[in-house]
Amino acid sequence: MSFTFSAEVADRDVVAAFEIAPGETVALLGPNGAGKSTVLAVAAGLLAPETGRVVLDGRDLLDTARGIDVRPHRREVALLAQDPLLFPHLSVRENVAFGPRSRGQGRRPARARATDWLEQVGLADLGERSPAQLSGGQAQRAAVARALAAEPRLLLLDEPMAALDVAVAPALRQTLRRVLAERTTLLVTHDVLDALLLADRVIVMEGGRIVEDGPTRDVLARPRSSFAAQLAGLNLAAGTWTGTHVQLADGTALHGIVAGPQPAAGEQVVASFRPRSVAVHLDDAAGSPRNSFPVVVTDLEPLGDLIRVRSEHLSADITAPAVADLDLVPGTPAHFVVKATEIAVYRLT
Amino acid sequence: MSRPRSTGLPRWVYVPAGLGAAFVLLPLVAIVLKVDWANFGSLITSESSRDALSLSLRTSTASTVLCVLIGVPMATVLARTTFPGQAVARSLVLLPLVLPPVVGGLALLYTFGRRGLLGHTLEVLDLQIAFSTIAVVLAQTFVALPFLVVSLEGSLRTAGDQYERVAATLGAGPTTVFRRVTLPLVLPGLLAGAVLSFARAMGEFGATITFAGSLQGVTRTLPLEIYLQRESDPDAAVALALVLVVFAVVVITIARPDRTTR
């Protein structure tokens with residue numbers, strides 16, 4: 001195992017233990033206050049737990065039983081937070097060169113490394129700018145480059161997309177997808193898309209405890225914790241991009257809006273849409289901008305003011321009167337109808 | 001042009017406010033009116049004046065450097081750590097600010113003087129501090145230090161430690177973090193504190209005359225020279241006083257509070 005973590009933080013009521021394989025990206029999901037950030041802080045050495053043991057690549061970073069507690073700057077663990085926190089008095093390139101410089105590299109090789117990393121995150125031309133002159137998305141890219149330029153053995157990401165515009169998040173997600181491949185990473189997020197697109201495995205925390213731990217698709221397909229179930233409420237459909245629409249495995253054509261980089265024809269994509277965007281009809285009433293899926297209702301579940309209507313793979317949230325009008329019961333054949341503009345299509349590869 | 005309107009002040013407030021402003025400004029006007037402009041140049045360039053001015057500039061520079069060297073670590077420890085008795089320590093650092101300077105001078109004399117607390121030690125080391133230029137620097141540092149510590153500690157707290165945490169996870173050791181992140185981030189506060197300390201050192205009188213005496217060219221700084229000339233040569237005293245007033249105005253302009261608190 002590349003990274004082994006176990007810790008107990010009594011005053012925050014967090015008890016967690018897990019492992020990350022070399023090169024694996026693990027998404028840590030959970031509601032606010034579940035203890036995700038506490039886990040990150042312990043891993044980075046910014047919080048000392050009452051008891052715990054943290055091992056990275058065979059080296060003890062923390063072992064309360066033996067009194068070992070390696071200082072943050074000697075852990076080779078980089079932390080990237082919601083807020084990029086670029087040093088305001090340094091240029092973007094000097095920010096990225098900060099890690100290599102701190103590890104004793106000379107000015108010239110450190111700058112060369114920084115230039116390299118800026119190129120990798122698509123900021124090759126902005127190295128001489130000051131952080132204040134970057135947009136939110138650019139600043140977070142620069143922060144990614146800065147974290148990776150420090151050559152950490154473990155990268156910790158604390159909701160890196162949370163503070164970003166929905167318009168720029170997909171592009172950063174794509175960048176992360178590229179740079180995180182083969183890199184041991186722990187990613188805290190509450191966005192199921194982050195988990196789906198970036199992580200090999202998902203750990204779900206609730207109330208300071210780990211409640212689920214498994215391959216991303218398994219956890220999202222068969223959620224056992226309520227948080228994962230909520231997340232999994234988002235409708236997801238994987239398929240192939242034809243150039244104009246998504247071809248699902250069963251041959252259904254699905255029209256949506258591409259979010260992030262344009263996929264090439266034949267590439268694997270995933271389409272996502274909210275249950276609230278789904279209308280339920282008894283007959284096939286699809287117009288041209290709409291997608292219609294023939295389904296059989298399997299389950300009805302109250303969800304606040306709405307009723308969640310489930311079929312085998314998809315769910316729709318509609319009002320109780322609508323359910324009554326349609327006379328929906330488990331077993332009713334129906335059509336789930338979604339506007340193309342409500343469907344976001346993401347490149348998977 | 002439109003501008004926001006306040007909800008309005010009671011009219012009578014302007015009367016004491018105006019009187020207060022006059023109270024501060026009138027004495028300055030009075031000094032300017034008193035200056036013997038015809039001989040101004042020769043008055044401030046007489047031998048004793050030049051000695052005093054040069055001594056003041058040299059000792060104030062030295063004490064500002066000393067303030068930075070010990071004040072920066074003090075402010076950092078106060079702002080970035082917690083230790084038992086920290087609140088008391090913070091108050092004690094401010095003590096020279098409220099202590100009458102002449103009392104500070106006495107205290108220094110009983111510390112570094114020949115018969116003082118460290119007197120014997122200093123004698124063994126063959127160091128004679130009291131009534132020397134070093135004593136002037138010590139007296140000025142004693143009264144000026146709080147200005148730097150208070151100003152810098154405020155800047156450090158405002159800046160917060162989040163950048164320092166990021167720097168540490170990027171592999172930077174404490175010294176690198178301090179040098180490349182902490183200090184650059186609070187540089188404006190440090191400069192403002194240093195300028196204020198320098199100004200306080202230039203104006204220091206009570207502690208200096210008590211601890212260092214008044215020997216021309218050795219311990220007689222500008223304020224001491226002004227005080228002594230006041231009787232023998234009032235015109236020279238006024239001319240030198242104007243030099244200090246101009247200097248103070250320049251300092252206030254550089255270290256304006258609204259420019260230093262970002």
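Helices (H or I, at least four residues) and strands (E, at least two) are DSSP runs, numbered from the N terminus, and two strands pair if DSSP finds at least two bridges between them. This is a predicted model, in which local features need pLDDT of at least 70, side-chain atom pairs count only at pLDDT 80 or more, and totals for chains, interfaces and linings use all residues. Residues are numbered from 1 along each chain as its sequence is written, while chains are lettered from A and ligands numbered from 1 in the order in which they are written.

**Before selecting anything**

The model scores ipTM 0.78 and pTM 0.76. Colour chain B by pLDDT (the predictor's confidence in each residue, from 0 to 100): chain B averages 90, and 97% of its residues score at least 70.

**Stop 1: the hairpin in chain A**

Select residues 235-241 and 246-248 of chain A, which are strands β12 and β13; these run antiparallel and are joined by 3 bridges. Within this pair, A:Gly239 has A:Leu248 of β13(A) as its bridge partner. The two strands form a hairpin with 4 residues between them, and in the turn A:Gly243 has a positive phi of about 115°.

**Stop 2: the sheet around β12**

Now add residues 268-273 of chain A, strand β16, which pairs with β12(A) in the antiparallel sense over 6 bridges; here the bridge partner of A:Thr240 is A:Gln268. Widening the selection shows an open sheet of 6 strands in chain A, with the order β14-β13-β12-β16-β23-β15 and mixed pairing. Strands β14 (253-254) and β15 (257-258) of chain A stand at the edges with a single partner strand each, so one side of each has no neighbour in the sheet.

**Stop 3: a sheet of three strands**

Continue in chain A to the open sheet whose 3 strands follow the order β17-β22-β18, with antiparallel pairing. The edges are held by β17 (279-281) and β18 (290-296) of chain A, and because each has a single partner strand, one side of each is left without a neighbour in the sheet. From one strand to the next the twist averages 30° (axes are lines fitted to C-alpha atoms, for helices over the stretch in contact, and angles run from 0 to 180 degrees between N-to-C directions). Strand β22 (residues 333-339) of chain A pairs with β18(A) over 7 bridges in the antiparallel sense, and A:Val295 stands opposite A:Ala334 in β22(A).

**Stop 4: helices of chain B**

Move to B:Ser232, in helix α12 (residues 222-232) of chain B. A residue is buried if 20 or more other C-beta atoms, placed from the backbone, lie within 10 Å of its own, exposed if 12 or fewer, and partly exposed in between; B:Ser232 counts as exposed because it has 8 such neighbours inside 10 Å. Its C-alpha atom is separated by 27 Å from that of B:Pro100, 132 residues apart along the chain.

Next select helix α13 (residues 234-254) of chain B, and look for its buried residues, B:Ala236, B:Ala237, B:Val238, B:Ala239, B:Leu240 and B:Ala241. These pack against α1 (14-34), α2 (40-44), α3 (47-80) and α12 of chain B, where contact requires C-beta atoms, placed from the backbone, within 7 Å.

**Stop 5: where the chains meet**

Finally, show both chains: 15 residues of chain B are in contact with 16 residues of chain A. On the side of chain B that touches chain A, α8 (162-169) and α9 (174-185) of chain B are the elements that give two or more residues, and the largest share, 7 residues, comes from α8(B).

Note on methods:
Two residues are in contact if their C-beta atoms, placed from the backbone, lie within 7 Å.
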